[in-house]
Every structure is written in C-alpha cells, then in structure tokens.
Amino acid sequence: SCKTSTRYSREDRKGIIESFQEEEGFNVLILSPEVAGVGLNIVKANHVIHYERWWNPATENQATDRVYRLGQKKDVYVYYLVNTDPKNEFRTFDEKLNLLLDQCLHYLF
C-alpha cells in the first residue's frame, strides 16, 4: 500500500505494521530512518536495507533495532548501500559520509 502523504496517524502506522507482519511470504516495507526509529516493532522482518547513509548513526541504529525485538525468530541482515562513481574518478558524498561514520564508530568502540 502506498500513500503520497508522509504523515500517517498512529492508527494508520499500526495497521500497516500489523498487515506487514500478518502476511505470509515475501513482503516489503519501506520506511525512512526517522519513521522506523520511533516506537515500531517489526519482528517479522529480517532484512534491513539502508538506501543511503544517515548523518546520525544513532538514527540508523534505532531504525535497524526495530527488527531486533523480543519475538524475533529469524537471523537479521543489515545492508548499507553506498553510491559510488562508476569510473572511480572521485569519492562521492555517500562514500565520504560512510568513511566518516565508520571512523567514528571505530573510535567509539
């Protein structure tokens, strides 16, 4: 189900998540990191794809954590897509941000 509006009521969000979790088979749910990071439990999902790096790693982590909740019975796979220059002549913004975030994480841990 797609809506053009980015604003959903709490009931709409709850219904979308319930529908996603009740359907058997392969399902896709596309959420922005902002939306996915606030109070959702999506334990029927087991693949998280970040289509672009978020400047705040805590926001990315919160979005990823939605599938790591009590009741998760599957292995969870997380992917970070990073746009690159096909000719490899320069570093893209995504590559620079990815490098910066990786360096920050290594520094913290």
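Five residues form a nonpolar patch on the surface of this predicted model. They are Ile49, Tyr51, Tyr77, Tyr79 and Leu81. The patch covers about 490 Å². Take Tyr77 as one of its members. Tyr77 sits in strand E2, which spans residues 77-80. Its relative accessible area is 40%. A patch residue needs over 30%, and Tyr77 passes that cut-off because its value is 40%. Tyr77 still counts as partly exposed, since exposed means over 50%.

Now step back to the whole chain. There are four helices and two strands. Along the sequence they run in the pattern α-α-β-α-β-α. The chain has 109 residues, and 26% of them are buried.

Next comes the open space. Rolling a probe the size of a water molecule over the atoms reveals where space is left empty. The largest pocket has a volume of about 910 Å³. Its lining counts 33 residues. Nearest the centre of this pocket lie Phe20, Leu29, Ala45, His47 and Val48.

Which elements each supply at least two residues of that lining? They are helix H1 (10-22), helix H2 (33-36) and strand E1 (47-50). Strand E1 gives the largest share, with four residues. By character, the lining of the largest pocket splits into 17 nonpolar, nine polar and seven charged residues.

Helix H2 also holds Glu34. Is Glu34 buried or exposed? Glu34 is exposed, because its relative accessibility is 54% and the cut-off for exposed is over 50%. Glu34 also has a partner in space that is distant in sequence: Thr59 stands 25 residues away along the chain, yet the two C-alpha atoms are 6.9 Å apart.

Charge pairing is the last stop. How many salt bridges does the structure hold? It holds one. The side chains of Arg53 and Glu60 make this contact, with 2.8 Å from N to O. That distance qualifies because a salt bridge calls for a separation within 4 Å. Both Arg53 and Glu60 are buried, which means that each has under 20% relative accessible area. Glu34, by contrast, is exposed at 54%.

Note on methods: Residues numbered from 1 in each chain as written. Predicted model: local features only at pLDDT ≥ 70, side-chain atom pairs only at ≥ 80, totals over all residues. Heavy atoms only, no water. Patch = residues over 30% accessible without salt bridge, like charges linked within 9 Å, V, L, I, M, F, W, Y side chains within 5 Å. Areas by Shrake-Rupley, 256 points an atom, 1.4 Å probe, with all protein chains shown as cover. Buried < 20%, exposed > 50% of the residue type's maximum accessible area, 1.4 Å probe, protein only. 1 Å grid on protein atoms, 1.4 Å probe; cavity = no way out; pocket = protein on both sides within 12 Å on 5 of 7 lines; lining within 4 Å. Points joined across faces, edges and corners; volume = space filled by probe spheres on them. Nonpolar A, V, L, I, M, F, W, Y, C, P; charged D, E, K, R; others polar.
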